[in-house]
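Consider the structure shown below. The explanation that follows leads through the charged pairs of the chain and then turns to a single helix.

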Amino acid sequence: AANMGLTEKNFSDISGHWAEVTINKWKEKGVISGYPDGTFKPDNFVTRAELAKIITDAFNLQDKSVLTYEDLNGTEWYFQYAEYADKYLPLYPLITLYPNNIPYTNNNDSPYVYKNFLPDVKVMRMHVAESLVKLMMEMKNLTIELPDITDMADSLIEFYADGSEFSIIGDPHGQIPDNLRRMIENGWLAMELGIICGNDTGSFRPYGLITRAELLTILDRLF
C-alpha cells in the first residue's frame, strides 16, 4: 500500500479493447475502479450510480446536495457520489407523456416521478450529454446565447446522421413541448461544446445507452 496503486494489477478484461489506453489512463487518475473480481467490463452500460461516481471524480465535485430520495438510506457505496453529482443528473422520467419517447418528462407531469434516485437505471446518452453540458459550462465559466429553437434543430439535423431525432414536433397551436425544447437545447450545446461528436456512423443516438468505455472516451476528449 505504500506505493499507492502501483502494485495494482491491470484490469483483466481490457487487453486489446479499443479503449484500453484511455481506460488505463483514467484508472491511473483514480477516476475509475473495477469490479471486485479484477474486471472493468468496458462494454457494460453505465448506471446512474456509476455516472454519479465518475463525474464526481473526473470534475472533482465538492458541493453536496441534500438528498431526499426514498430509495437511498445513506449506506450505499454510491451515496456520497449521488450527493455531489445530483444537481448535474437530469431527473429520470419513469413516464413520458408527449411526444412518446422524449427522454424528459413534461414540466406538467406529476412530481411523484422524482421520489427515487434509481441508481441501477442505465443512463440515456441524452441525459449524459446534458450532465456534461452543465459541468463543462460551469467548469469553463461559459455563457452561451442560444439561437432560435428551429435553427438549433436544423443544425442538429444537419450535423448528425440521426439528427431527425431532434425534429420539432409541436401542437397545432405552434407550441413546442418543454421536454422537446430541452432536448434540442442540450443537444445543440453538446454539439457546440464537442461533447457528442457522433459515434462511428456520425450519430448522436439520444435514446441509446452508453458504455463505460464510451463515457471515458468522451471525458478524455473533454479534458
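**Salt bridges and a helix face**

Salt bridges join E130, K134 and R182 into a network. The structure in which this network appears is a predicted model. Across the whole structure, a search finds eight salt bridges. Three further pairs are described here in turn.

Between K25 and D220, the side chains meet in a salt bridge, with 2.9 Å from N to O. K25 belongs to helix 1 (residues 20-28) and D220 to helix 7 (residues 212-222), so this pair ties together parts that are 195 residues apart in sequence. How exposed or buried are the two partners, K25 and D220? A residue is called buried under 20% relative accessible area and exposed over 50%, with partly exposed in between. K25 has a relative accessible area of 39% and is therefore partly exposed. D220, at 23% relative accessibility, also counts as partly exposed.

Helix 7 takes part in another such link. The side chains of R212 and E50 form a salt bridge of 3.1 Å, N to O. This pair also connects distant parts of the chain, since R212 is in helix 7 and E50 is in helix 2 (residues 48-58), 162 residues apart. R212 is buried, with a relative accessible area of 5%. E50 counts as buried as well, at 12% relative accessibility.

The next pair is D37 and K41, which form a salt bridge in which the closest N and O atoms are 3.5 Å apart. D37 is exposed, as its relative accessible area is 52%. Its partner K41 counts as partly exposed, at 28% relative accessibility.

The account now turns from charged pairs to the burial of one helix. Which residues of helix 5 (residues 149-159) are buried? They are I149, M152, A153 and L156. When helix 5 is viewed down its axis, these buried residues fall within an arc of 100°, so they line one face of the helix. The general geometry of a helix helps to explain such a pattern. An α-helix has 3.6 residues a turn, so residues three or four places apart point the same way. What covers the buried residues of helix 5? The cover includes helix 6 (178-192).

In summary, the salt bridge of K25 and D220 ties helix 1 to helix 7, whereas the pair of R212 and E50 links helix 7 with helix 2. In helix 5, the buried residues line one face, and helix 6 is included in what covers them.

Notes: Residues are numbered from 1 along each chain as its sequence is written. This is a predicted model: local features need pLDDT of at least 70, side-chain atom pairs count only at pLDDT 80 or more; totals for chains, interfaces and linings use all residues. Side-chain values use heavy atoms; hydrogens and water are left out. Buried means under 20% relative accessible area, exposed over 50%, partly exposed in between (1.4 Å probe, protein chains only). Helices (H or I, at least four residues) and strands (E, at least two) are DSSP runs, numbered from the N terminus. The arc is that of the directions from the helix axis to the C-beta atoms. Contact means heavy atoms within 4.5 Å. A salt bridge is a side-chain nitrogen of Lys or Arg within 4 Å of a carboxyl oxygen of Asp or Glu.
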